[in-house]
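This report offers a first look at the charged pairs and the nonpolar interior of one protein model. Please keep the structure in view while reading.

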Amino acid sequence: MSDAEQIQGIRESYEEQYGFSDPDTYVFRARKGLDEEIVAQISEMKGEPQWMRDYRLKALEIYRSKPVPTWGPDLSALREEDIYFFVRPAEKEGQSWDDVPENIKRTFDRLGIPEAEQKFLAGAGAQYDSEMVYHRVRQELEDQGVIFKSIEAGLREHEDLFREYFGTVIPAHDNKYAALNAAVWSGGSFIYVPPGVKIEMPLQAYFRLNSASIGQFERTIIIVDEGAYLHYVEGCTAPTYTTESLHSGVIEIIVKRGARSRYTTIQNWSDNVYNLVTQRAMVYGDASHEWVDANLGSRVTMKYPSVYLMEPGAHGEVLSIAFAGRGQTQDAGGKAIHVAPHTTSQIISKSICKDGGRSSYRGLLKVHPDADHSKSTVVCDALLLDDHSESDTYPYIEIESPLVTVGHEATVSKVGDDQLFYLMSRGLTEDEAGAMVVNGFLEPLTKELPMEYSIEMNRLIRLQMEGSIG
Amino acid sequence: MGAALEIRNLHVSVEGQPILRGVNLTVQQGEVHALMGPNGSGKSTLANTLMGHPAYEITAGQLIFDGVDLLELETDERSRLGLFMAFQYPVAIPGVTVANFLRNAINARRRAENPEDKGIPIPAFRKLMTEKMDMIQMDHSFAGRYLNEGFSGGEKKRAEILQMAVLEPRIAVMDETDSGLDIDALRIVAEGVGRLSGPDLGVLVITHYQRILNYIQPQFVHIMLEGQIVESGGPELALHLEEHGYDWLREKQNGTGEA
């Protein structure tokens with residue numbers, strides 16, 4: 001099979017599963033490009049208090065003052081004058097699927113979201129272009145004081161709580177795209193889990209781009225109070241367009257004493273999307289946070305979920321999976337910042353490249369002078385499926401305390417013809433054999449996922465693998 | 001009468017270098033054949049060629065299995081037709097458990113028969129696997145280990161026998177299954193093969209030692225030298241070889257004026 005046919009095979013699958021689009025039926029769309037007027041317009045349309053409007057305008061200045069980063073993937077094709085920064089999908093957000101406009105509901109039906117909600121979610125949210133069109137959490141959780149709303153509803157209905165945390169974990173000046181998000185944020189979730197409340201089933205938000213040349217800037221704040229537990233999952237897909245789209249989210253998480261939280265991303269954007277996301281968790285005493293970050297789609301992803309270990313006993317993990325196919329660059333990894341003594345962290349990164357795709361592991365392990373008796377392990381493995389794909393490793397380590405234990409290992413391997421022959425000799429087709437090697441490579445991560453997601457992940461990988469070996 | 005594997009005038013080259021030079025051999029279901037020969041005589045080339053390894057180029061000859069032209073089939077299709085090869089050096093597949101692998105192999109067969117097939121139900125699979133493990137005296141904990149990763153030489157060969165037991169081939173080619181095994185491991189592996197053999201299984205045991213043939217008793221013994229089968233006979237041929245080595249055959253070859 002020629003390379004061109006292989007690629008076509010993948011495209012066809014993505015088209016059918018995720019790459020479809022609906023006719024544009026937005027209720028409002030700001031003109032293309034970005035300036036003070038558009039930022040003010042977004043704030044105006046959301047009916048925000050003055051402080052937020054000021055915050056946004058200030059953030060726009062910060063965004064303007066920072067250069068486009070050049071230390072990583074090439075972002076030169078991304079031009080803000082060609083992008084719609086705000087596309088409102090519906091007049092209001094639904095609390096039942098019946099409230100969601102028919103064509104939008106059809107999209108989420110096709111993506112299986114209402115069905116998943118019924119089966120195994122404690123709550124679900126759905127964002128379409130710039131805003132959430134649906135948010136709902138099970139009644140018994142609401143009765144326990146759990147808040148699971150769109151970020152706009154969070155600001156509107158819980159302004160004090162919102163204001164206490166917004167921008168504290170990731171300030172606008174953190175990086176250029178965090179500043180951009182701070183200026184034009186729209187959509188995302190606001191979550192609060194009260195002390196001691198353990199939400200056994202995941203909460204999920206699904207992010208969908210429909211319009212071409214759009215920017216999506218979801219902002220999520222999650223507060224897991226003392227001794228509570230939460231697993232939040234986000235999924236993302238989009239139609240394939242010839243023009244660039246931008247997704248630039250900011251996720252701020254606070255995990256208080258003795259709490260546990262896990263944030264899982266299954267990112268499967270179409271490969272005209274630039275995915276530039278900042279995610280950070282502040283983890284307090286004896287609490288733990290895990291990022292499970294799977295990047296399968298997008299043209300360029302730059303994403304390094306981080307954990308700040310603020311008090312003794314805090315534990316953080318980043319499990320990163322990246323899959324780079326033709327024309328894709330996955331610049332992913334993780335950061336662990338040990339601020340307090342007796343803290344532990346683990347970063348495991350697994351990346352797979354094929355058809356000329358590029359993946360990089362970029363990570364930072366930083367141990368502050370006071371963070372003695374901390375422990376950290378960093379493992380990054382890459383698997384190349386052919387000779388013309390590339391993988392790089394950029395592990396930055398800054399240790400300022402002598403009393404720490406740090407482990408680091410990195411491997412690069414290639415799917416061997418011998419492995420394929422061996423598996424095929426047992427009756428597996430070439431594609432099945434390739435998918436099996438890849439699944440095995442990822443197994444240390446997929447086994448961490450709840451059953452439903454590991455099945456979904458395996459299915460996605462099989463889709464990505466179709467016709468890719470040989 | 002069962003299926004037959006027929007090798008007719010097979011010539012094979014590797015990287016342009018001729019290795020097999022006209023091999024003829026027929027193995028029927030229910031028969032046990034031994035193929036012996038010194039290192040480099042082409043035994044493993046034959047095994048890999050039968051299974052369709054892409055590095056082996058067939059320059060002449062035919063391979064027929066149950067009336068089907070194997071040369072038209074990919075490796076996986078040959079497997080699903082009922083051909084099996086126990087590898088001399090089984091390959092590690094990190095992250096894939098023995099159980100997961102076996103279930104996928106079974107399901108690949110079922111899907112080939114019926115694209116709508118939903119796969120073997122988990123309880124039925126568990127039962128099948130534990131039965132087969134018991135049959136070859138394998139600890140059940142094996143099922144949860146990653147395939148061939150960190151396995152000892154003996155464990156790898158037993159895992160091959162387990163796969164054979166589960167996949168129930170019609171013809172099995174055992175490529176130097178005895179190499180690198182101590183005598184106890186050899187006995188366990190060979191007994192496993194013994195339990196599997198019967199009227200539905202044809203076996204081609206490839207070896208350069210006679211000792212495995214004390215446990216797997218062949219009806220037919222063939223000797224390969226320099227890419228050809230130069231002598232065939234009954235079990236007594238193996239014993240003769242054990243006593244006299246290969247030199248008498250080489251002399252015989254040279255005597256016929258080939259050199």
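## Salt bridges and cores

A:Arg299 has a relative accessible area of 26% and is therefore partly exposed. In this model, which is predicted, A:Arg299 forms a salt bridge with A:Glu244, their closest N and O atoms lying 2.9 Å apart. Because A:Arg299 sits in the loop between strands E15 (288-295) and E16 (300-303) of chain A, while A:Glu244 sits in the loop between strands E10 (229-237) and E11 (245-247), the pair ties together parts that are 55 residues apart in sequence.

A search of the whole structure finds 40 salt bridges over all chains, and the table lists some of them.

| Salt bridge | Closest N and O atoms |
|---|---|
| A:Arg299 with A:Glu244 | 2.9 Å |
| A:Asp355 with A:Lys354 | 3.2 Å |
| A:Asp387 with A:Lys414 | 3.6 Å |

The pair A:Asp387 and A:Lys414 joins the loop between strands E22 (374-384) and E23 (390-399) of chain A to strand E24 (residues 404-414), and so ties together parts that are 27 residues apart in sequence. A:Asp387 is exposed at 69% relative accessibility, and A:Lys414 is partly exposed at 42%. By contrast, A:Asp355 is buried at 7%, and A:Lys354 is buried at 2%. Elsewhere, a network of salt bridges links A:Lys46, A:Arg88, A:Glu131 and A:Glu152.

Turning to the interior, the largest nonpolar core has 130 residues, of which A:Phe108 and A:Val133 have the most contacts inside it. Leaving aside residues up to four places away in sequence, A:Val133 touches several residues, including A:Pro89, A:Ile104, A:Phe108 and A:Tyr128. A second, separate core of 48 residues includes A:Val137, A:Leu141, A:Ile191 and A:Val273.

Definitions and conventions
Residues numbered from 1 in each chain as written. Chains lettered and ligands numbered in written order. Predicted model: local features only at pLDDT ≥ 70, side-chain atom pairs only at ≥ 80, totals over all residues. Heavy atoms only, no water. Core = buried A, V, L, I, M, F, W, Y, C linked by side-chain atoms within 4.5 Å. Buried < 20%, exposed > 50% of the residue type's maximum accessible area, 1.4 Å probe, protein only. Contact = heavy atoms within 4.5 Å. Salt bridge = Lys/Arg side-chain N within 4 Å of Asp/Glu carboxyl O. Helix = DSSP H or I, 4+ residues; strand = E, 2+ residues; numbered from the N terminus.
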